[in-house]
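Let's take a walk through a protein model, one residue at a time. Have the sequence and the 3D view ready, and follow along as the names come up.

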Amino acid sequence: MKRIAKFHKVSRSRFTEDWQDTFGQKSEEQINNIYDAIRLPRRATAGSAGYDFFAPIDVTLKPGETIKIPTGIRVEMEQEWVLKCYPRSGLGFKYRLQMNNTVGIIDSDYFYSDNEGHIFAKITNDTNEGKTLVIPVGTGFMQGIFVEYGITVDDDATEIRNGGFGSTTK
């Protein structure tokens, strides 16, 4: 098994800025408590492919509701690898929990972005059975799987990333 990556927390100041941008003004103490409790993603078993991301707050989503979650996590990985993020399988099965971008793609160079490579998850309870989804703080809600990729023999990309969603097409 190749060991190709390491999870980190974003800085406290980055997390505070992103949390306030997402949820509005909260007290510094509230945000610090959330930040301090953030757990790095981990696999549940030796045979698990996915690294579970844990909810930094209690999340309740009624049918059709969406939330954007600043996870407080960034990942440093070797080039030619990508982290693909999906809803945890059980939540997808029971509630049709969906990632709003279908699959989150975290490129290796995202770690060096001006936003510290802060990973966000935008999720929707897409149930067609009228079920309300409750994710208690500290519960796994998303999983990330590392995948190696290749490039074409005539690839000539030399640009450097500086930003998050959509920044590579600017």
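Let's start with a pair of charged side chains: R14 and E17 form a salt bridge, with their closest N and O atoms 3.1 Å apart. (A salt bridge here is a side-chain nitrogen of Lys or Arg within 4 Å of a carboxyl oxygen of Asp or Glu.) R14 and E17 sit 3 residues apart in helix α1, so about one helical turn separates them. R14 is buried, at 13% relative accessible area, whereas E17 is partly exposed at 48%. (Buried means under 20% relative accessible area, exposed means over 50%, and partly exposed is in between, using a 1.4 Å probe and protein chains only.)

A quick word on what you're looking at: this is a predicted model, where local features need pLDDT of at least 70, side-chain atom pairs count only at pLDDT 80 or more, and totals for chains, interfaces and linings use all residues. Residues are numbered from 1 along each chain as its sequence is written, and side-chain values use heavy atoms, with hydrogens and water left out.

**More salt bridges**

How many salt bridges does the structure hold? There are 7. In general, side chains of opposite charge can pair when their charged atoms come close. Here are three of the pairs, including the one you've just met:

| Pair | Closest N to O distance |
|---|---|
| R14 and E17 | 3.1 Å |
| D36 and R12 | 2.7 Å |
| K131 and E129 | 3.1 Å |

Salt bridges that share partners also join R14, E17 and D18 into one network.

Now find D36 and R12, whose side chains meet in a salt bridge. D36 lies in helix α2 (residues 28-37) and R12 in helix α1 (residues 12-23), so this pair ties together parts that are 24 residues apart in sequence. (Helices, H or I with at least four residues, and strands, E with at least two, are DSSP runs numbered from the N terminus.) D36 is partly exposed at 48% relative accessibility, and R12 is partly exposed too, at 34%. In the K131 and E129 pair, K131 is partly exposed at 32%, while E129 counts as exposed at 55%.

**Into the core**

In soluble globular proteins, nonpolar side chains tend to be buried together. In this model, the largest nonpolar core has 36 residues, and F53, L83, I119, I123 and F141 have the most contacts inside it. (A nonpolar core is a set of buried Ala, Val, Leu, Ile, Met, Phe, Trp, Tyr and Cys residues joined through side-chain atoms within 4.5 Å.) Which strand gives the most to this core? That's strand β4 (residues 66-77), with 5 residues.

Zoom in on F53 for a moment. Leaving aside neighbours within four places in sequence, F53 is in contact (heavy atoms within 4.5 Å) with a list of residues that includes F7, P41, I73, L83, I119 and F141.

**A pocket to explore**

Next up is the second largest pocket, which holds about 420 Å³ of space. (On a 1 Å grid over the protein atoms alone, a pocket is an open set of points where a 1.4 Å probe fits, with protein on both sides within 12 Å along at least five of seven lines; lining residues have an atom within 4 Å of a point. Its volume is the space filled by probe spheres set on the points, which are joined across faces, edges and corners.) The lining of the second largest pocket has 14 residues, and M1, K2, R3, Y51 and F146 lie nearest the centre. β1 (5-9) and β10 (140-148) are the elements that give two or more residues to this lining, and the largest share, 3 residues, comes from β1.

**Loops and odd angles**

Which way does the phi of T102 go, positive or negative? It's positive, at about 70°, although T102 is not a glycine. T102 sits in the loop between β6 (97-99) and β7 (104-107), and is exposed at 61% relative accessibility. E116 is not a glycine either, yet has a positive phi of about 65°. E116 is in the loop between β7 and β8 (119-125) and is partly exposed at 21%.

Y110 is also found in the loop between β7 and β8, but Y110 is buried at 8% relative accessibility. The C-alpha atoms of Y110 and I160 are 9.7 Å apart, with their positions 50 residues apart along the chain.
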